[in-house]
Amino acid sequence: MTDAEISAFNEREQAHYVGDRIATGETPETAQEHADRDWERFFPGGKAAGGHRFYRVLDGADPVGLLWLGPSPDNKSGTDWIYYIEVDETLRGRGYGRGAMLLAEQEARQQGATELGLNVFGPNKVARQLYESIGYEATAINMAKRLSG
């Protein structure tokens with residue numbers, strides 16, 4: 001992706017990320033604090049941090065999605081991380097997500113990684129099913145129950 005595309009992604013996705021965090025139970029204030037902290041880490045000064053790579057997912061010359069890869073958040077040696085993957089909503093279910101995941105694995109191997117990780121929010125069952133179908137396994141699970149009254 002070009003610098004301009006990364007900048008547009010950065011602006012759009014920070015708000016989306018806040019929404020995802022709120023959907024998992026965080027307050028809007030806490031979600032925004034997490035987003036601000038994470039975005040400063042991954043986009044210092046508005047630019048992608050070192051080692052982070054952004055790709056357009058294409059079908060021929062037609063863009064169908066986006067992929068963001070980089071070093072693992074905890075800097076675990078040999079581990080790359082999928083920070084973001086998206087297929088255009090109107091094109092989902094056609095194998096583009098699976099193809100992008102397999103290409104991410106190939107790219108990570110070419111960069112010397114021996115492991116590729118990701119985070120998926122619990123409510124995103126479709127994505128979880130895709131990841132499990134290609135061999136991803138849960139390494140940690142956070143659970144919560146809303147209490148009334």
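Select helix H1, residues 3-23, in this predicted model. H1 lies across strands E1, E2 (62-71) and E3, and its direction makes an angle of about 80° with E3.

Next, display the C-alpha atoms at the two ends of H1. They are 30 Å apart, and this agrees with the 30 Å that 21 residues should span at 1.5 Å a residue. Centre the view on Glu-13, where H1 bends by about 30°.

Now show the side chains of Ile-6, Phe-9, Asn-10, Glu-13, Gln-14, Tyr-17, Val-18 and Arg-21; these residues of H1 are buried. An α-helix has 3.6 residues a turn, so residues three or four places apart point the same way. To see what covers the buried residues of H1, add helix H2 (28-42) together with E1, E2 and E3, which are included in that cover.

Move just past the end of H1 to Gly-25, which takes a positive phi of about 115°.

Then hide the helices and turn to the sheet. The sheet is open, has four strands in the order E1-E2-E3-E4, and shows mixed pairing. Strand E1 (53-59) and strand E4 (115-118) stand at the edges; each has a single partner strand, so one side of each is left without a neighbour in the sheet. From one strand to the next, the twist averages 35°.

Finally, select E3 (residues 79-87) with E4. These strands run parallel and are joined by four bridges. Label Trp-81 and, opposite this residue, Gly-117 in E4.

Note on methods: Residues numbered from 1 in each chain as written. Predicted model: local features only at pLDDT ≥ 70, side-chain atom pairs only at ≥ 80, totals over all residues. Heavy atoms only, no water. Pairing = 2+ DSSP bridges. Helix = DSSP H or I, 4+ residues; strand = E, 2+ residues; numbered from the N terminus. Axes fitted to C-alpha atoms, helices over the stretch in contact; angles between N-to-C directions. Contact = heavy atoms within 4.5 Å. Expected span 1.5 Å × (residues − 1). Bend = angle between axes of the 7 residues up to and from the residue. Buried < 20%, exposed > 50% of the residue type's maximum accessible area, 1.4 Å probe, protein only.
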